[in-house]
Amino acid sequence: MKYTFKGGIHPGGHKNTEGCAIKLFSNPAKVWIPLSQHIGAPCECLVKKGDAVSVGQKIGEVPAGALGAPVHSSVSGVVEKIETLSDIRGNLIKHVVIANDFQNTLHESVAPFPKKLSEATTEEIIAAVREAGVVGMGGAGFPAHAKLSSAIGKATTLIVNCVECEPYLTCNYRLMLERPSEIFGGAKIVAKALGVKQTIVAIEDNKPIAIKKMTEEAPEGVRVVTMKTKYPQGDERRLIYALTGKELPRGKLPADLGCVIFNAETLSAIYTAMATGVPSIYRTVTVDGDAAAEPSNVLCPVGTTVRDLVDFCGGLKAEPEWLINGGPMMGAAMWSPDLPVTKTTSGILLFTEGASHVREETNCIRCGRCVRACPSGLAPCYMVASVKVGNYEEAEKFNVMNCVECGSCAFGCPAGIPLVQYFKLAKSEINKRKKKK
Ligand code: SF4
Ligand code: SF4
């Protein structure tokens, strides 16, 4: 049986890099490490210009009582400067710029979890995950320790999200083929922390080799299930619906329905942190697009610039018009190749103008395609009509706040309306007004 959800779309897979084994780019000359790579408050900087730092050293700490995850140095070297840059969402974020000394000196705090997993308490595991700065690496950046804490006593099912439904991205796919034990190791740690009764690994049916590999490697009691290939199958709400038949209402957490969901690479980071003590300082990134000379999958230190990463992959074969951080559906356009890879960067896509699907916006023709595509059961055409005339109250009545910004509606819109951009604007305006009140 293949599990799926209502709505959704079928964009081309473009998994051009599925045969590209993960290459290691361990030594960029400099890294720019943002002090905010997560949902929550930016970290306070723990270092200053001229400080010597080592691999795994904590350089940013979350303000007391705030949601967030610490940030660590991904190389050893010297802090060159602390620079404020605009990130991909336009937020001004402090970056710690470190000149690499190429010694790869490990910080003394980097040590494996001191107990056997069977003897560890829930609190000890959560504290270790927090100290390692692990966040949701599928793109959301929600601190993993906070997700674990919120699921204590509620979650009975762990869903391992290996769906990777965004076109082009294959970094999770390669992880499944090359390091499945890390994914299962992380799943075991989460299962132990929360005492979940069952673990389900969800993989789309366009990845038969990964399904076979993960099924062969799965420990006893872990079930690998095949999902129908459809976008956005990897969205938490769609996964829960597909696997349990339950709708997750807005404002509720997966744990309220007895589920906790972790992406493959997040579990690998949790495993690495517990087994070796190395915090979340590396990231596997898919580099692709028609302007990329050598589409690749690369494991690189967090803070590596996109420019260095692309150069490592053989540079450009054409001038890119678009530089996308993430997948083409939910990723964000980058304003500079000098911005860094963060814990949540799953892909860097370089597209020439000819490959872009950006069209001139015309009037809505009421075709209803967006309504059929929306996995959240919304009416994007009505929502956008309200937003265009600045009637955010009406957009809210049409449940614009339930939009998960998946882009399914815009994908097939014959009028070329950038629906998601309008919905992001509306959500930000509604939130601003609520804060003012
Ligand atoms: S309205 Fe939002 S949730 Fe629905 S398809 Fe569009 S972007 Fe996705
Ligand atoms: S898909 Fe585009 S043109 Fe069709 S109803 Fe929706 S917004 Fe209008």
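Which residues in helix 1 meet which residues in helix 4? I opened the notebook with that, keeping in mind that this is a predicted model.

**Entry 1: helix 1 and helix 4**

I looked up the pair and found that T122, I125 and I126 in helix 1 meet I189, K192 and A193 in helix 4. Sorted by class, this contact has four nonpolar residues, one polar and one charged. Helix 1 covers residues 122–131, and I noted that its packing angle with helix 4 is about 135 degrees, while the two axes lie 8 Å apart. The two helices are therefore oblique to each other, and I recorded the way helix 1 passes helix 4 as a left-handed crossing.

**Entry 2: helix 4 and helix 5**

I stayed with helix 4, residues 180–194, and turned to its packing with helix 5, residues 208–217, where I read an angle of about 55 degrees and a distance of 10 Å between the axes. Helix 4 and helix 5 are oblique to each other as well, because an angle of about 55 degrees falls outside the ranges that count as roughly parallel, antiparallel or perpendicular. Here I wrote down a right-handed crossing for helix 4 as it passes helix 5. From helix 4 the contact takes P180, S181 and F184, and from helix 5 it takes K213, M214 and E217. I counted these by class as three nonpolar, one polar and two charged.

**Entry 3: helix 3 and helix 7**

Next I checked helix 3, residues 171–178, against helix 7, residues 264–276, and found that their axes come within 9 Å and cross at roughly 50 degrees. That crossing makes helix 3 oblique to helix 7. On the side of helix 3 I listed C171, N172, L175 and M176, and on the side of helix 7 I listed A264, E265 and S268. The residues of this contact are four nonpolar, two polar and one charged.

**Entry 4: the two domains**

I then stepped back to the domain assignment, which gives domain 1 as 1–26 + 111–358 and domain 2 as 369–436. Their C-alpha centres lie 26 Å apart, and the contact between them takes 13 residues from domain 1 and 13 residues from domain 2. On the side of domain 1 that touches domain 2, I found seven nonpolar, two polar and four charged residues.

**Entry 5: ligand 1**

Which residues come nearest to ligand 1? Of the 15 residues around this ligand, I noted C374, C403, C406, S408 and C409 as the nearest. Helix 12, residues 408–411, and helix 13, residues 419–436, each supply at least two residues of the shell, and helix 13 gives the most, with three. By class I recorded eleven nonpolar residues, three polar and one charged in the shell around ligand 1.

**Entry 6: ligand 2**

I closed with ligand 2, which has 14 residues around it, and of these C364, C367, C370, C381 and C413 come nearest. The elements that give two or more residues to this shell are helix 9, residues 369–373, and helix 10, residues 380–388. Helix 10 provides the largest share, with three residues. Divided by class, the shell around ligand 2 holds eleven nonpolar residues, one polar and two charged.

How values were computed. Residues are numbered from 1 along each chain as its sequence is written. Chains are lettered from A and ligands numbered from 1 in the order in which they are written. This is a predicted model: local features need pLDDT of at least 70, side-chain atom pairs count only at pLDDT 80 or more; totals for chains, interfaces and linings use all residues. Domain bounds come from an automatic or database domain assignment. Two residues are in contact if their C-beta atoms, placed from the backbone, lie within 7 Å. Ala, Val, Leu, Ile, Met, Phe, Trp, Tyr, Cys and Pro count as nonpolar, Asp, Glu, Lys and Arg as charged, and the others, Gly among them, as polar. A residue is near a molecule or strand if its C-beta atom, placed from the backbone, lies within 6 Å of it. Helices (H or I, at least four residues) and strands (E, at least two) are DSSP runs, numbered from the N terminus. Axes are lines fitted to C-alpha atoms, for helices over the stretch in contact, and angles run from 0 to 180 degrees between N-to-C directions. A crossing is left-handed if the near helix is turned anticlockwise from the far one by less than a right angle, and right-handed if clockwise. Angles under 35 degrees count as roughly parallel, over 145 as roughly antiparallel, 65 to 115 as roughly perpendicular and the rest as oblique.
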